[in-house]
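Subject: Structure handover and what was found in it

Dear colleague,

I am passing on a structure for you to look through at your own pace. Please open it beside this message, so that you can find each part as you read.

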Amino acid sequence: MKKRILSAILVLGMVISTAACGAIDTDDPNSASGSEESKSDSDSGSKDIMFVSIVTGGVAWGSAQKGFEDAIEEVGWSGQYVSPTTANDTAGVIQLLDTAVTNNVDGIVTVILDANQATDVLTRAKDAGIPVVTCNTYTTEDLQNCWIGTDPHNMGVTQAETALKYFEENGGGDDGKLTACYIQTTLETQTQNEQFQAFSDTIHEKYPDAVLIQDECNSDAATASDKLAALLKSYPDMDIVVSQDGYGCPGIANYVQSEGLEDDLIVIGIDDSEEILNYVTDGALDCTIAQDFYKMGYESVYYLKDIMDGNPPAYANDSGTIIIGPDEVAEHMELLESRGLL
């Protein structure tokens with residue numbers, strides 16, 4: 001089968017110098033969903049925006065940072081992108097959010113892996129009148145203004161349907177058996193757990209006895225590789241591997257390639273770094289599913305602007321998914337180049 005200042009010790013900070021630009025082309029697919037009038041309104045003056053993320057750089061959040069920076073420059077605001085020194089450090093994220101609220105920034109973009117842990121600081125932000133937009137995660141409408149990201153249910157269904165397509169096209173499923181593993185960021189990430197549930201439900205509709213294993217890699221390629229190696233020992237009949245972390249994905253693909261497992265496993269990647277796309281071309285990944293993190297970072301700024309201009313967006317905003325197989329790699333690389341990501 002085929003197959004991140006606020007604290008010199010705690011964070012890495014990046015200060016983004018900005019300059020005002022013209023109005024946004026509303027025909028541009030990267031434009032946010034707010035009105036053209038709100039985007040061209042320059043009466044609100046400069047704002048100080050903070051993006052509190054879970055990691056700096058890399059395929060996913062590096063793209064979100066670039067989108068954030070591009071939009072900040074367009075609207076003529078100042079902005080900072082910060083994250084804890086340890087990836088996915090939820091306590092570090094809360095400390096950074098606490099400092100942002102204490103410093104009374106004008107708006108916050110953030111990533112919340114643990115909604116319960118963030119309740120107090122987000123309540124403080126709301127009481128201070130600071131609008132909050134989350135990327136690819138969400139809490140509740142009481143705690144934040146809106147979120148943009150991959151719809152968890154839709155992503156899970158897309159992953160399952162894509163995996164099944166490759167699985168069956170390569171002769172699998174005739175005996176009604178299927179074993180799959182799903183390696184995500186952390187087992188505490190709510191949106192990813194929702195994705196896994198949708199993935200599982202979709203698989204079980206067709207294969208009721210399918211064995212589905214959920215694991216985590218903490219955004220580390222070596223950890224992801226080690227987890228896959230261990231799972232293959234425990235489940236030698238593994239059919240499908242799904243990666244749900246763009247930092248762990250290269251570790252999975254590298255393991256598949258180094259062990260010559262391309263013909264034994266269906267491997268569905270996540271996100272769209274040049275490295276990951278090369279693994280698709282080489283066959284270590286059957287395909288990858290891009291979540292469009294650039295769009296998340298970019299549109300988050302415009303959602304904040306719309307909120308400040310009195311035109312609040314919908315609470316939930318799906319950034320969509322892009323399935324990239326070998327035949328779609330070249331076209332997607334052109335899109336990344338146009339965004340300055342390559």
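Below is a description of what was found, going from the whole chain to its parts.

Please keep in mind from the start that this is a predicted model. The chain has 342 residues, of which 56% count as buried, and it is built with 11 helices and 13 strands. The chain exposes about 13800 Å² of surface, and carbon and sulfur atoms supply 44% of that area.

A good place to begin is strand β2, which covers residues 48-52 and is mostly covered, since 4 of its 5 residues are buried. As a reminder, the strands of a sheet pair through backbone hydrogen bonds, in either a parallel or an antiparallel way. Strand β2 runs parallel to strand β3 (residues 78-84), and 5 bridges join the two; within this pairing, V52 stands opposite V82 of β3. Strand β2 also pairs in the parallel sense with strand β4 (residues 107-110), over 4 bridges, and there I49 has G107 of β4 as its bridge partner. Together with helix α2 (residues 61-75), the strands β2 and β3 make a right-handed β-α-β unit.

Next comes an open sheet of 6 strands with mixed pairing, in the order β8-β7-β9-β10-β11-β13. Its edge strands are β8 and β13 (322-324), each of which pairs on one side only. On average, neighbouring strands of this sheet are turned by 15° against each other, if direction is ignored.

At one end of that order, β7 and β8 run parallel and are joined by 6 bridges, with C181 having I213 of β8 as its bridge partner. Helix α7 (residues 221-234) lies across β7, β8 and β9, and it runs at about 160° to β7. Helix α9 (residues 274-282) also packs on the sheet, where it touches β10 (266-270), β11 (287-290) and β13, and its direction makes about 150° with that of β11.

Strand β11 deserves a slower look. Which residues cover its two faces? C287 and I289 lie on one side, T288 and A290 lie on the other, and all of them are buried. Strands β10 and β11 pair in the parallel sense over 3 bridges, and in this pairing G269 has T288 of β11 as its bridge partner. With α9 added, β10 and β11 make a right-handed β-α-β unit. The pairing of β11 with β13, by contrast, is antiparallel and has 3 bridges, and here A290 stands opposite I322 of β13.

Finally, please turn to helix α6, which consists of residues 190-206. Why does its length agree with expectation? At 1.5 Å a residue, its 17 residues should span 24 Å, and because its end C-alpha atoms are 25 Å apart, the two values agree. The buried residues of α6 are T191, Q192, Q195, F196, A198, F199, S200, T202 and I203. An α-helix has 3.6 residues a turn, so residues three or four places apart point the same way; you may like to read the list of buried residues with this in mind. Those buried residues of α6 pack against α5 (152-169), β7 (179-184), β8 (211-216) and β9 (240-244).

With best wishes

Notes: Residues numbered from 1 in each chain as written. Predicted model: local features only at pLDDT ≥ 70, side-chain atom pairs only at ≥ 80, totals over all residues. Heavy atoms only, no water. Buried < 20%, exposed > 50% of the residue type's maximum accessible area, 1.4 Å probe, protein only. Pairing = 2+ DSSP bridges. Right-handed = clockwise from strand over helix to strand, strands pointing away. Expected span 1.5 Å × (residues − 1). Contact = heavy atoms within 4.5 Å. Areas by Shrake-Rupley, 256 points an atom, 1.4 Å probe, with all protein chains shown as cover. Axes fitted to C-alpha atoms, helices over the stretch in contact; angles between N-to-C directions.
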